[in-house]
Amino acid sequence: MCRRLIVTFLCLLFTAFSANFAGAAEPLKIGISLGLTGKYAQMSDMSLKAYKLWEQNINARGGLLGRTVQLNIQDDKSDAATAREIYRHWIEDEKIDLVIGPYSSEITAAVLPVTEEHRYPLLAAGAAADVLWQRGYKYVFGIYVPTSKYMVSFLELLATEGLNKIAMVGADDLFSKEIALGAKEWVKRFGLTIVFSEEFKNGTKPLTTVIQRAQGSGADVLVVFGYLDESVNARLALKEIGWSPRAYYATVGPAVQRYHDILKDDAENAFSSSQWEPTSSFPGAKEFTEQFFNAYHMLPSYHAGSAYAAGQVMETAIRKSRSIDREKIRSALSSLDTMTIMGRYGVDRTGRQVRHFGSTVQWQKGRKEIVSPKELMTAKPVWK
């Protein structure tokens, strides 16, 4: 009788253990949409590569909460409506555990109503537009320097150099419009002058006509707001009309290797803002850069750095919460003050990033150099 009770007890214990083990073995699923095709393909591919490395590394350390991490990454085709449907399907139909945001402010803005409605905390790993944190959302948390401060470092360089007359042209997408708005405020603070400003329809090419009008303003500096395509097309227009301003700055494009691959020698001296560079000395940045290069035979852009950093922030929030309860994770993301490979993470009461700072980069002799701030500088800026 006693022996039979012991056997029964052991069987029940084994059954309970097996059930718990099976539950622990269920992957922790995180959904991410990226524009792997379309306008944002170059930047999204960098993000994809970094997310895969984070997934590999976190699982090599045993996963999270005893569960393997499984990233579900889908191509949103650089289209806002497609991305919105992807997140809706994941949340409403698949009941996915967690999500991380898509690339671009415009697409992030499109998915936020879905994630907010269902109270899914969303790390905006590829969006910077301040307006995203001005709509009363409670579940969105920034990684990037927001657009209101995006160009501060470069404009400070202009003020120091005494380059006062600026022509600004930009696409009419959300990100570009928001950066232009923030830049104009800082232009006033630095005592600079905007001698020309014009917005063009997203996707416009060539940009020869608008660049010619900017040239006619007598500007010393040309600033272009857009993504990779706009930065390349504006540079081609400069070459076509024979204008060589003292400084050429464009958002996003010159911060990625593809810009130089396309333009080659014509990429020289272009400035841009960067959220992170492979030469950064933040904890783990060197190891990440080496792993990325060994895996993909290329250096990571800031889009890769921010994606990996988003994984690190999510990991820290989950460990702090000791669960995947989304309200607890939201609370953790709201209060975290932590270091990642791209620097410090910390947000204000709206979820907007306030701890991280960016840099200004410039192509010099085929290399992308950090020219500001002084703490990260790898070369002095070159002016024409």
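1. Burial first. In this predicted model, 55% of the 384 residues count as buried. Contact order leans toward the long range: among contacts with a separation of 6 or more, 68% are between residues 24 or more positions apart.

2. On overall dimensions, the C-alpha trace spans about 100 × 40 × 35 Å along its principal axes. The radius of gyration is 23 Å, which agrees with the value near 21 Å that a compact globule of 384 residues would have. I'd keep both descriptions in view when setting up a box: the spans of about 100 × 40 × 35 Å and the 23 Å radius of gyration. As for secondary structure, the protein has 12 helices and 14 strands.

3. Now the largest pocket. Its volume is about 500 Å³, and 26 residues line it. Which residues lie nearest its centre? They are Val152, Ser153, Glu156, Ser372 and Pro373. By class, the lining breaks down into 12 nonpolar, 10 polar and four charged residues.

4. Where does that lining come from? α5 (152–161), β10 (270–274) and β14 (367–372) each give at least two residues to it, and α5 has the largest share, with six.

5. Don't skip over Pro373 in that pocket. Besides being among the residues nearest the centre of the largest pocket, Pro373 follows a cis peptide bond from Ser372, with omega near 5°. Pro373 sits in the segment after β14. Ser372, on the other side of the bond, is also in the group nearest the pocket centre.

6. The second largest pocket holds about 360 Å³ of space. It has 17 lining residues, and Glu277, Pro278, Leu299, Arg367 and Lys368 are the ones nearest its centre. Here the largest share, four residues, is supplied by β14. The classes come out as seven nonpolar, six polar and four charged. Note that β14 turns up here and also among the elements lining the largest pocket.

7. There is another cis peptide bond to check, from Lys205 to Pro206, with omega near -5°. Pro206 is in the loop between β7 (193–200) and α7 (208–215). For context, most peptide bonds are trans.

8. Helix α11 (residues 302–321) passes a simple length check: at 1.5 Å a residue, its 20 residues should span 28 Å, and the end C-alpha atoms are 28 Å apart, so the two agree. The helix is mostly covered, with 17 of its 20 residues buried. Right after it comes Arg322, whose phi is positive, near 60°.

9. Helix α8 (residues 228–241) gets the same treatment. Its 14 residues should span 20 Å at 1.5 Å each, and its end C-alpha atoms are 20 Å apart, which agrees. It is mostly covered too, with 10 of 14 residues buried. The buried set has charged members as well as nonpolar ones: Glu230 and Arg235 are in it, including alongside Leu228, Val232, Leu238 and Ile241. Just after the helix, Gly242 takes a positive phi of about 75°.

10. Two more backbone spots deserve a look. Most residues other than glycine have a negative phi. Lys77, though not a glycine, has a positive phi of about 60°; it lies in the loop between β2 (69–75) and α3 (80–94). Is Lys77 buried or exposed? At 54% relative accessibility, it counts as exposed, since the cut-off is over 50%.

11. Arg119 is the other one. Its phi is near 60°, again positive in a residue other than glycine, and it is found in the loop between α4 (105–117) and β4 (122–124). With 52% relative accessibility, Arg119 counts as exposed.

12. Last, Val382, in the segment after β14. It is partly exposed, with a relative accessible area of 34%. What does Val382 contact, leaving aside neighbours within four places in sequence? Its partners are Asn269, Phe271, Gln362 and Gln364. In the other direction, the C-alpha atoms of Val382 and Leu122, 260 residues apart along the chain, are separated by 39 Å.

Methods: Residues are numbered from 1 along each chain as its sequence is written. This is a predicted model: local features need pLDDT of at least 70, side-chain atom pairs count only at pLDDT 80 or more; totals for chains, interfaces and linings use all residues. Side-chain values use heavy atoms; hydrogens and water are left out. On a 1 Å grid over the protein atoms alone, a cavity is a set of points where a 1.4 Å probe fits but cannot get out, and a pocket is an open set with protein on both sides within 12 Å along at least five of seven lines; lining residues have an atom within 4 Å of a point. Grid points are joined across faces, edges and corners, and a volume is the space filled by probe spheres set on the points. The expected span of a helix is 1.5 Å times one less than its number of residues. Buried means under 20% relative accessible area, exposed over 50%, partly exposed in between (1.4 Å probe, protein chains only). The radius of gyration is taken over C-alpha atoms; the globule rule is 2.2 Å times the number of residues to the power 0.38. Contact means heavy atoms within 4.5 Å.
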